[in-house]
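Good morning, colleagues. My topic today is the contacts made by aromatic rings, and I would ask you to keep the structure in view as I speak.

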Amino acid sequence: MKSSGIVPDQVILATILSACARTRNLTSGGAVHSYIVESNLSIDAHLQSALISMYSNCGSMHTAQRLYDDMSPKNLVASTAMVFGYAKLGKIAVARSIFDQMTDKDLICWSAMISGYAESDQPNEALKLFNEMQLLGVKPDQITMLSVISSCANMGAIDQAKWVHIFVDKNGFHQILSIRNALIDMYSKCGSLADARTIFDETAYKDVITWTSMITGFAMHGNGRSALAVFDHMILEGVKPNGVTFISLLYACSHAGLVDEGRRIFESMIRDYRLEPKHEHFGCMVDLLGRARLLQEALEFIESMPFAPNVVVWGSLLGACRIHSDVNLGELVARRLLELDPNHDGAYVLLSNIYAKASRWEDVREVRNLMKNKGVIKEAGFSWIELNGHVHEFMMGDKSHPRSSEIYGKLDEVVKELELVGYAPDTATVLVDLQEEEKREAILLHSEKLALSLGLIDSKKGSSIHIAKNIRVCNDCHTFMKLASKVFEREIVLRDRTRFHHYKDGVCSCGDFW
């Protein structure tokens, strides 16, 4: 059009900027902006909104903010673009500040803010905002609901999940396949595999995401055989698996100790489906071999990779070194990992834990000092439990809960009851150099034990207790939960960073392999 000598007007330029925004093409968008400035074209509110939307979509928030500051009055489209842009970059506080200043909010704006919270690991805030939106009579659409369902999944809150499911059914979203797929994922992550399976079975048309979601559900609950059975059924139905399906399958084999099956799946992916393995697939295979104590084979597998291993692959092997207390290999792997990412907190923590398990306290101090000097901060462990629609969070030794004295009193009672059936705190899992009595005190103050104590106080006898934790459950807490399930006749469902543990009658669904 330009080469034909025809001068574009503001509508044409706004349309081109919209195309740049959708494709996140900052180079072309910037060129259009330069053309507007050089041509001395007047910029009306519509064109200014298009520029702000383009820069926001492309993550160039400094320029977007400058244009937004110059805009008066600020319109809905531009404000929504700013909320979306900051939320995408994880600057949620800034996004919320702009959101709160908007007088007239439409559905797109509400969805942008809810989605921002959901994607920034603030699911509780996403659900609070959704409830506020409902009170104001704003009806959600499919995009809003997917963010809400995702938030429930991340929280692992089964009561909230059931409420959202009822809302989905009442408001006619239940026929949408993407919503049904999200519900399968949500129930799996909230610990109710039975509900996930019901939705899966009732879904008439299943795409590859439906099948993969169900496979992933079984995988995270440690039910490898069922995951493989669903995959076999999927193939019989003529649905072609994708790369994500194979990640879920390998993950399922890894958490169930199915080494031979995992090898077969990996080979089949390449041979039968012509899919090129990515870092994630190699990472799953290394995890599978490492968990099965085949550390040397895992190392050789990494060395045979057709491309350079990344932090995920080396991290999988380092985790296995920690589980199996292989100090020499752990040191080698940690060095490789830190060469790729000198500030990788997990590498320092795992190496420190490997040294601690070997009682090499001087090496532990050296690693911790190195972390301190580099400004690397260890991720803090915490647990949360949903009771009567409210989520309660706990850190280790946490006394900030308003019912703290009651919780600690219950914990003392639980410990005494468990000691009567043979429980003794496993102080070997305390990976800091303390006196034996101090180690005992530390191990009894783990966040999931506090969450369990509140659960025993506030839930009815015979009901199941659902707890979530952001890091891997330790050996002592695992034993503690098994015994508590038997002594107090409760099913305890605990979700840690990688999988679910279902404790019942003194036994865990993982078979003590995790």
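I begin with a charge and a ring: the charged end of lysine 105 sits over the ring of phenylalanine 99, at 4.8 Å from its centre. Please bear in mind that this is a predicted model.

I turn now to contacts between rings. The structure holds 13 aromatic pairs. One of them joins phenylalanine 231 and phenylalanine 246 in an edge-to-face arrangement, with 5.8 Å from centre to centre and 65 degrees between the planes. Phenylalanine 231 belongs to helix H14, residues 224-236, and phenylalanine 246 to helix H15, residues 243-256; the pair therefore ties together parts that are 15 residues apart in sequence. Are these two phenylalanines, 231 and 246, buried or exposed? Both are buried.

A further edge-to-face pair is formed by tyrosine 423 and phenylalanine 480, whose ring centres are 5.3 Å apart and whose planes make an angle of 80 degrees. Tyrosine 423 is in the loop between helix H23 (404-419) and helix H24 (436-443), while phenylalanine 480 is in helix H26 (residues 475-487), so this pair ties together parts that are 57 residues apart in sequence. Tyrosine 423 and phenylalanine 480 are both buried.

Phenylalanine 480 has another contact to note. Lysine 449 lies over the face of phenylalanine 480, 5.1 Å from the ring centre.

Finally, which residues do ring pairs link into a cluster? They are Phe266, Phe282, Phe301 and Phe307.

Thank you for your attention.

Key: Residues are numbered from 1 along each chain as its sequence is written. This is a predicted model: local features need pLDDT of at least 70, side-chain atom pairs count only at pLDDT 80 or more; totals for chains, interfaces and linings use all residues. Side-chain values use heavy atoms; hydrogens and water are left out. Rings of Phe, Tyr and Trp (its six-membered ring) pair if their centres lie within 6.5 Å; planes under 30 degrees apart count as stacked, over 60 as edge-to-face and the rest as tilted. Helices (H or I, at least four residues) and strands (E, at least two) are DSSP runs, numbered from the N terminus. Buried means under 20% relative accessible area, exposed over 50%, partly exposed in between (1.4 Å probe, protein chains only). A charge sits over a ring if NZ of Lys or CZ of Arg is within 6 Å of the ring centre and within 35 degrees of the ring normal.
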